[in-house]
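Work through the exercises below with the sequence and the model at hand. Each task is followed by a solution in steps.

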Amino acid sequence: MLPLILASAALLVPPLAAPLPALVPAAAVAVAGAARGAPGWVPPVDPPVLVAPFDPPAHDWLPGHRGVDLAAGSGTPVRAAGAGTVVWAGPLAGRGVVVVEHDDGLRTTYEPVDAVVVEGEQVAAGHLLGTVGDGDVHCGHVPRCLHWGLRRGRDYLDPWRLLHPGRAVLLPP
Ligand SMILES: [Zn+2]
């Protein structure tokens with residue numbers, strides 16, 4: 001069964017500049033399945049303009065980009081990418097952060113955000129979480145962005161893939 005899963009995942013992966021990892025972890029395939037099976041994912045800002053892609057480090061202790069940056073000016077409405085429960089809404093390391101836990105064990109993170117939701121609040125996909133705030137960001141050539149993250153447990157995944165179902169989600173090697 002496992003070779004079949006890996007083979008089908010490989011077929012779904014678009015051509016990439018970098019060589020594919022030798023092994024696609026089962027969890028990564030599961031995320032892709034969840035994305036396909038749950039069409040309720042929506043972009044946190046509209047329209048979603050990717051200004052910095054997911055670039056996970058080779059090892060946990062190395063620097064990297066553990067999420068994606070979406071172009072968004074200060075005050076831009078930020079919406080929950082999927083239905084879930086707000087598990088954090090407040091300052092974290094000098095910026096406003098909102099974390100939403102979803103039913104399938106995934107967590108999405110949004111920063112910097114001036115939150116209008118509170119911890120424990122149930123949200124639907126598209127529910128207003130707050131607006132892009134003025135906290136520390138790393139947007140490169142654009143004046144402001146939303147950093148959007150996706151985690152399952154301790155693993156960082158590529159949230160951009162939630163908006164492009166049908167492609168495999170690759171975990172950091
Ligand atoms: Zn970022």
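**Exercise 1. Find the strands that pair with S10.**

Step 1. Strand S6 (residues 106-111) runs antiparallel to S10, and 6 bridges join them. Strands here are DSSP runs of E with at least two residues, numbered from the N terminus, and two strands pair if DSSP finds at least two bridges between them. This is a predicted model: local features need pLDDT of at least 70, side-chain atom pairs count only at pLDDT 80 or more, and totals for chains, interfaces and linings use all residues. Residues are numbered from 1 along each chain as its sequence is written, and side-chain values use heavy atoms, with hydrogens and water left out.

Step 2. Within the pairing of S6 and S10, Arg 107 has Arg 151 of S10 as its bridge partner.

Step 3. Strand S2 (residues 68-71) also pairs with S10 in the antiparallel sense, over 4 bridges. Here Ala 71 is bridged to Cys 145.

Step 4. Strand S11 (residues 155-157) is antiparallel to S10 and joined to it by 3 bridges. Arg 152 has Asp 155 as its partner in S11. S10 and S11 form a hairpin with 2 residues between them, and Gly 153 in the turn has a positive phi of about 60°.

**Exercise 2. Decide how far S10 is covered, and state what it gives to the largest nonpolar core.**

Step 1. S10 spans residues 145-152, and 6 of its 8 residues are buried, where buried means under 20% relative accessible area with a 1.4 Å probe, protein chains only.

Step 2. The largest nonpolar core has 27 residues; Val 78, Val 98, Tyr 110, Leu 129, Leu 146 and Trp 148 touch the most other members. Such a core is a set of buried Ala, Val, Leu, Ile, Met, Phe, Trp, Tyr and Cys residues joined through side-chain atoms within 4.5 Å.

Step 3. S10 gives the most to this core, with 3 residues.

**Exercise 3. Classify Glu 111 as buried or exposed, and list its contacts.**

Step 1. Glu 111 belongs to strand S6.

Step 2. Its relative accessible area is 13%, so Glu 111 is buried.

Step 3. Neighbours within four places in sequence aside, Glu 111 is in contact (heavy atoms within 4.5 Å) with Arg 95, Gly 96, Val 97, Cys 145, Leu 146 and His 147.

**Exercise 4. Identify the charges over the ring of Tyr 156.**

Step 1. The test requires NZ of Lys or CZ of Arg within 6 Å of the ring centre and within 35 degrees of the ring normal.

Step 2. Arg 66 has its charged end over the ring of Tyr 156, 5.6 Å from the centre.

Step 3. Arg 151 lies over the face of Tyr 156, at 4.3 Å from the ring centre.

Conventions: Buried < 20%, exposed > 50% of the residue type's maximum accessible area, 1.4 Å probe, protein only.
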